[in-house]
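Q: Please take a close look at the site of the ligand in this model. I should like an account of what surrounds the ligand and of the polar contacts there, followed by the backbone and ring features found elsewhere.

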Amino acid sequence: MEMKIDRSIEIPFEESIGYLRENFAGKAHEIAVVLGSGLGGFTRHLDEKESLSTTDIPGYPRSTVIGHSGRIMSARVAGRRVLVFSGRVHYYESASTLHAAVTAIVSHFLGIKVIVLTNAAGILNETFYPGDLMLVKDQLNLTSRNVLADLHFPVGNVNPIYSEPMAGLMYEASERAGVNLKGGTYVGLTGPSYETPAEVRMYRALGGDAVGMSTVHEALYARAAGMDVVGISCLTNYSTGITSGKLSHAEVTEIGARVDTKFSGLLTAFIGSL
Ligand code: HPA
């Protein structure tokens, strides 16, 4: 279902949307791809790339996180015109769900119908390994916030948030690309601190398979706006307490860089099948 945004509030990021439309010369993008921490290597596989820095886009929120280059690109992938967000803004950077969902909001107002949300995530499910890719089948939004409330959306059903037909295409793409794609539930938290061992035990008990600090508000907004939502988690590390090592953001971005080949292969195969 598509829920209508409350017209009494202004279109969020209207200036940014206008600027992108102008600078990408009105090109019609079919798909949006949001690249998570350490996954920016995908941008090397883009054809006919035009790139803007988010710092030059009026009204666009700033990201300060290492591993997020803060660029928006218009390019071709497997013959499709794709809008690529290299880097995103996290809830913990400004405590704003609208900032956290800016990629989805901008994509919607540019007329894009499919959004692929990728992220780096910690492993909760012990059958998974660092370097695995996981299709997000559902989410646990444990941020205690909902971007749809902040945008005055009415009560409504957004299930399933993650498109089942798109999931089917993603599994087919994984076979063609020779990638062993896992599947599971993504737990979305505010961050910025990593979880405690007690929290990790709780998230596992709740049915979470991977945990991270992004994606859930983008997915909620995109789905409510009538887009098809696809989620891919790059599992970079075991969550706190599952192994004894100390987790760092450097480890997260390093694994992201190592999975670049299979991640990019999977995404390209998927986009080619749309
Ligand atoms: N926890 C939360 N977010 C993350 C993690 C983690 O272990 N790894 C990558 N992003």
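A: A polar contact is taken here as a pair of N or O atoms within 3.5 Å. The model under discussion is a predicted one. By that criterion, a polar side-chain atom of Asn237 is in contact with a nitrogen atom of the ligand, at 2.8 Å. Glu195 likewise places a polar side-chain atom 2.8 Å from a ligand nitrogen. The backbone takes part as well: a polar backbone atom of Ala120 is 3.4 Å from a nitrogen atom of the ligand. On its own the ligand has 260 Å² of accessible area, and the protein covers 96% of this.

The ligand sits in the largest pocket. Strand 5 (114–123), strand 8 (210–212) and strand 9 (228–238) are the elements that each give two or more residues to the shell around the ligand. Of these, strand 5 gives the most, with three residues. The full set of surrounding residues consists of Ala120, Ala121, Gly122, Tyr194, Glu195, Val211, Gly212, Met213, Thr236, Asn237, Leu247 and Val252. Sorted by class, the shell has seven nonpolar residues, four polar residues and one charged residue.

The backbone geometry deserves separate attention. Most peptide bonds are trans, and most residues other than glycine have a negative phi. Gly191 and Pro192, however, are joined by a cis peptide bond with omega of about 0°. Pro192 belongs to the loop between strand 7 (181–188) and helix 7 (197–205). A further cis bond runs from Asn159 to Pro160, with omega near -10°, and Pro160 is placed in the loop between helix 5 (147–150) and helix 6 (164–177). Phe13, which is not a glycine, has a positive phi of about 60°; this residue is in the segment before helix 1 (14–23).

As for ring contacts, a search of the whole structure finds two aromatic pairs. One of them joins Phe42 and Phe263: the ring centres are 6.4 Å apart and the planes stand at 80°, so the pair is edge-to-face. Phe42 lies in the loop between strand 1 (31–35) and strand 2 (47–53), whereas Phe263 lies in helix 10 (residues 260–272), so the pair ties together parts that are 221 residues apart in sequence.

To return to the ligand, its nitrogen contacts involve side-chain atoms of Glu195 and Asn237 and a backbone atom of Ala120.

How values were computed: Residues numbered from 1 in each chain as written. Predicted model: local features only at pLDDT ≥ 70, side-chain atom pairs only at ≥ 80, totals over all residues. Heavy atoms only, no water. Near = heavy atom within 4 Å. Polar contact = N/O pair within 3.5 Å; in protein donor to acceptor, adjacent residues only side chain to side chain. Areas by Shrake-Rupley, 256 points an atom, 1.4 Å probe, with all protein chains shown as cover. 1 Å grid on protein atoms, 1.4 Å probe; cavity = no way out; pocket = protein on both sides within 12 Å on 5 of 7 lines; lining within 4 Å. Sits in = over half its atoms within 2 Å of the grid points. Helix = DSSP H or I, 4+ residues; strand = E, 2+ residues; numbered from the N terminus. Nonpolar A, V, L, I, M, F, W, Y, C, P; charged D, E, K, R; others polar. Phe/Tyr/Trp six-rings, centres within 6.5 Å; stacked < 30°, edge-to-face > 60°.
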